[in-house]
Amino acid sequence: MFEARKSMGLINRASVTGSLKVGGICGELACRSGLIQHNFNFGTVKGSDAVAGLIGYFEISDRYNFNELENLANLGNVSGNSRVAGLLNSSRGRVSNSYNAGSVVGEDKVSSLFLNDTCSRKCLDSLHLYDFSEEHIDSIHAYADSMGAYFFPDTGAKPINRGYPLSAYFYSDMLFDHGRGTFEDPFLIGSLHDLRRFERHAGVNLTRYTTEKSFFRQTADIVFPKEDNEWTPVTANNIVYDGDGHSVSGFAIHDTWLDLDALSSIDSSLLFGDYWSKNWRQSFPQANYCSGFFKYLEESTIDNLKLKDIDVEGDLAVGGLLGCTSSNTSDNVILSRVSVDGSVKGLVMVGGIGGNLRAKLYDVANFATVTGSKYVSGIMNEADPGLGMYRFVRNHGDVTGYAYVAGIASERQSRSWLMYAPEYYVYNRGNISAQEGPAGGLFAEATIRNEGHVLHGAYNASNVSAKRVYGAFYGDLYTDMDLKECLDSMLYDKNLMSDPRNVYLISFSSDTTIVSDVTVASVDSKTLKSAGAKELGVFYGVDENNENDGYPVFHFLNGDGSSESPYIIATAEDFWKLYDLIYRDPRSPNHYSNSNYKLVADINLNASAKRPWMPVSLGPWGTFDGGGHTVSGIYVDTTVKTYSNDAVYAGLFRENLGTIKNLGIADSYIFGDTAGAVVAVNAGIIENCWNKNAVVEATDVAGGIAGVMRSGHIHPVSTRWPESDEEQRAIANHDVFINKTYNGGVVRGNYSAGIVGYVLFDDFKDGYISRNVVKSRVANSYNVGEALNGIVGSIYGSKNFLYYHDIHFEIVNVYNADKRCHKISSDDAEFAVNAYYVVMGQEECKDIGISQAIDEMKTKNFAKKMGEAFKYDADGVNNGFPIFSDKRGLDPDAPISIGQRPFIYKALQVSVIDREIHLNNLVNGANTALFDLSGKRVWNGTGKSAVIPVQKAGVYIVRNKYQIKKVIIR
């Protein structure tokens, strides 16, 4: 007898013979709760009593409701006397989405599928259990698509499974024609055929029940034909669907049992009496919960997708894009850059975007007409009102219902325990009509407590009508606090109000506190169109192309953030937008931190103690090109209350994991625990950047260019955002490089220098390193400012320590022209190549590098010594010291050749990525071999590392000289 909480992915190909309780996978299995999934038997099973292809006898305690026995298959022959089944025998429980393809022979109580006294033949059919032992292969293919997400037809030119349905648990790479479902190689959806596969198989957990996600990218617009446009709502966990700006058009979702037109003619007050709410299931047992393009999502992101000309009908929780989400948190579903157009109809909780959601919405638009009875909105209705985030959300569709009808959300609450539930930049253009009420241009009902609800930059340009309470922004608004703390910059078009009885911009219920100085204004249409954008905030712009009938539109930055069309930073206002765009973007990887930017003018930020600059972070794929321009007027002091508790990193940038180039800093003051003029912490590339005269001070680490330089950086130095696995892999696999930089400012701190205050090397997280050596370098740089050390303040670890951790570091082609006894670095000379410093004759000044007289450093000969990245200062722009030429000097990939790597015996490292075995720390010159469990050698080779592709799942053994490791491929 075996007791288990999980039995997944087991395969038996051996013959099994016994007497009582005999199974191909397990003779007797007792479960309290858990998963019994994706188990296959191919072997012959023989016994006397309780014999089955998979589990001879399955027992579950009456105290537990176990219902996750699914995706099972038997292809072996089973024989016995009594209680003989193709799949399993059980006293309780249900099996679903499974099949038998072997012969089943017995004398008493025999079933080709699932032997259970409480489940009839009709019951078995409803659970999608099929006996293929006597079916023709063509009909088997037809059944495969009805067996849930995990099974698909074995229709290849050469059948893999004798023509019987294949399991995506073992053959996930065959589900889609293109891609592998990873971030780097997503599944591609480029046709209706691909989309239909997604419809059937999106629910497959391709990451084997881990937290990693499956990635999909749409590569073309997809249009449904009118004669075959019915869509089955998709349920999925842990996916990222990138529409890549493409659309899906013309699909329909209908409930065959539900007559919405008939129901709409009934007095809605009867529909929502006590009987209705208490007896929904009894009254409508066939009701379909959660309808939309997606039925249910958890831990998923939908980005950059357009749904056009859709026709969606449902009953409870209906949305054009998404019906329902998990009720656990608001963070696990993100909807960004999505739009819906067409018609969405339902009864309860109906929204143009979503039905019953906890989600973060970012740059979302609804153009569909929305019709329902109770809780009807242009955007969405919340599973737990008050959680989630709306940012850059707009509704253009007309919304009609009986009660709780709104342009954005039907209900919104903030609670004493809820820290922050912001709605920044939302507007409504659709007409809102409620037969009863309440109704609101933005929210039908809202409760505001403890500053949990913040509405900023909102407007309503539509008519709102209802029998009872209604308002331009809110229908019912309950609060016990001063509204000026949470409502700001709100405008309403008074010309569009058809009913003069609606005299309130905000409608208040009893027991509320009303203040007179909330920034809410009633304006005419002309004023809202011409001057509204300025009043609403920096992310609104004038509708110059008349895309919104002249009303204000959202405006981010010019460009799309790609390398071909980077976001343009042309004004100080553009630069101030960066903080909001990067830190409020809920996507992971963060879109704005991983985008491309181009500065096209010198900019003065005009920051001050009253309005300090908020440093921003750049992700591993992000690039900021200063275009040779200078940013001035930076003021950062992280000791003031404006910053959050963890904001101790000061600079124009807080953290650089990507590339910053061609950028100057001037006339600025930067202070923090860790500070740098360009960036506080650099784990990427900084090239052709300079600090003209900025003052950089720190309580700990300060650098004229970067405060800290980190290699092998995995965990973020701040709570900028939770870095995704994809970001972490990128960070762990790129070099850290500072090239062609100079400091002319004043730098002060415990660890401080003209270029980098402190060089730090982190350990790598297991599984993220895909190469042996990571290089870190400060090259072709100089200091002419004031700093305790000229180039680098302090270096963590000796050369041997760094080599042991596969990190190579050097300081090359640098000079320090500070006339005092200040050094290249405080650490030993083993890291320096072609490094020079001014000598003043003091005996105590023992620096790394080569001492040089000032007059010599101003010669052509010295400029030549510095390498091709420098040239002679013929015009005296740098007081005679060498200046930069137009040549790069060094590439980030250039090898670091100083010293010899000492021989250090290191343990064999083994990792598995998809179906590749990655080996590191192999004894160089020794043979490496890979064996399967039968002892057959499947690969051999030599070298210090290896990547071995493996086609079949199973257990393998790696042997290299004295080391042996076991590897499991699933």
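Accessible areas come from the Shrake-Rupley method with a 1.4 Å probe.

**Figure 1. The whole chain of the predicted model.** The accessible surface of the chain comes to about 39500 Å². Carbon and sulfur atoms account for 47% of that surface. The chain has 970 residues, and 58% of them count as buried. Its secondary structure consists of 13 helices and 92 strands. Among contacts between residues at least 6 apart in sequence, 76% join residues at least 24 apart.

**Figure 2. An open sheet of 4 strands.** In what order do the strands of the open sheet lie? The order is 5-10-15-20, and the pairing is parallel. Strand 5 (20-23) and strand 20 (108-111) are the edge strands, each of which pairs on one side only. From one strand to the next, the twist averages 5°. Strand 5 pairs with strand 10 (residues 49-52) in the parallel sense, over 3 bridges. In that pairing, L20 stands opposite D49 of strand 10.

**Figure 3. Helix 3, residues 192-201.** This helix is mostly covered, with 7 of its 10 residues buried. The buried residues are D194, L195, R196, R197, F198, E199 and H201. In an α-helix there are 3.6 residues a turn, so residues three or four places apart point the same way.

**Figure 4. Aromatic rings around W613.** The structure holds 61 aromatic pairs. A pair of aromatic rings is described by the distance of the centres and the angle of the planes. Why is the pair of F575 and W613 described as edge-to-face? The planes of the two rings stand at 80°, and planes over 60 degrees apart count as edge-to-face. The ring centres of F575 and W613 are 5.6 Å apart. This pair links distant parts of the chain: F575 belongs to helix 9 (residues 572-583), while W613 lies in the loop between strand 62 (603-604) and strand 63 (616-618). The two residues are 38 residues apart. F575 is buried, with a relative accessible area of 0%. W613 also counts as buried, at 0% relative accessibility. W613 forms an edge-to-face pair with W576 as well, at 5.1 Å centre to centre and with 75° between the planes. W576 is in helix 9, and 37 residues separate W576 from W613. Both W576 and W613 are buried.

**Figure 5. Charged side chains over aromatic rings.** Which residue lies over the face of W576? R611 does, at 3.8 Å from the ring centre. In another place, K529 lies over the face of Y551, at 4.8 Å from the ring centre.

**Figure 6. Strand 77, residues 756-761, and its partners.** Is strand 77 largely enclosed or largely open? Strand 77 is largely enclosed by the rest of the structure, because 5 of its 6 residues are buried. Strand 73 (residues 706-711) runs parallel to strand 77, and 5 bridges join the two. One bridge partner in this pairing is F761 of strand 77, which stands opposite S711. Strand 77 also pairs in the parallel sense with strand 79 (residues 789-795), over 3 bridges. There, V756 has V792 of strand 79 as its bridge partner.

Terms used. Residues are numbered from 1 along each chain as its sequence is written. This is a predicted model: local features need pLDDT of at least 70, side-chain atom pairs count only at pLDDT 80 or more; totals for chains, interfaces and linings use all residues. Side-chain values use heavy atoms; hydrogens and water are left out. Buried means under 20% relative accessible area, exposed over 50%, partly exposed in between (1.4 Å probe, protein chains only). Rings of Phe, Tyr and Trp (its six-membered ring) pair if their centres lie within 6.5 Å; planes under 30 degrees apart count as stacked, over 60 as edge-to-face and the rest as tilted. A charge sits over a ring if NZ of Lys or CZ of Arg is within 6 Å of the ring centre and within 35 degrees of the ring normal. Contact means heavy atoms within 4.5 Å. Two strands pair if DSSP finds at least two bridges between them. Axes are lines fitted to C-alpha atoms, for helices over the stretch in contact, and angles run from 0 to 180 degrees between N-to-C directions.
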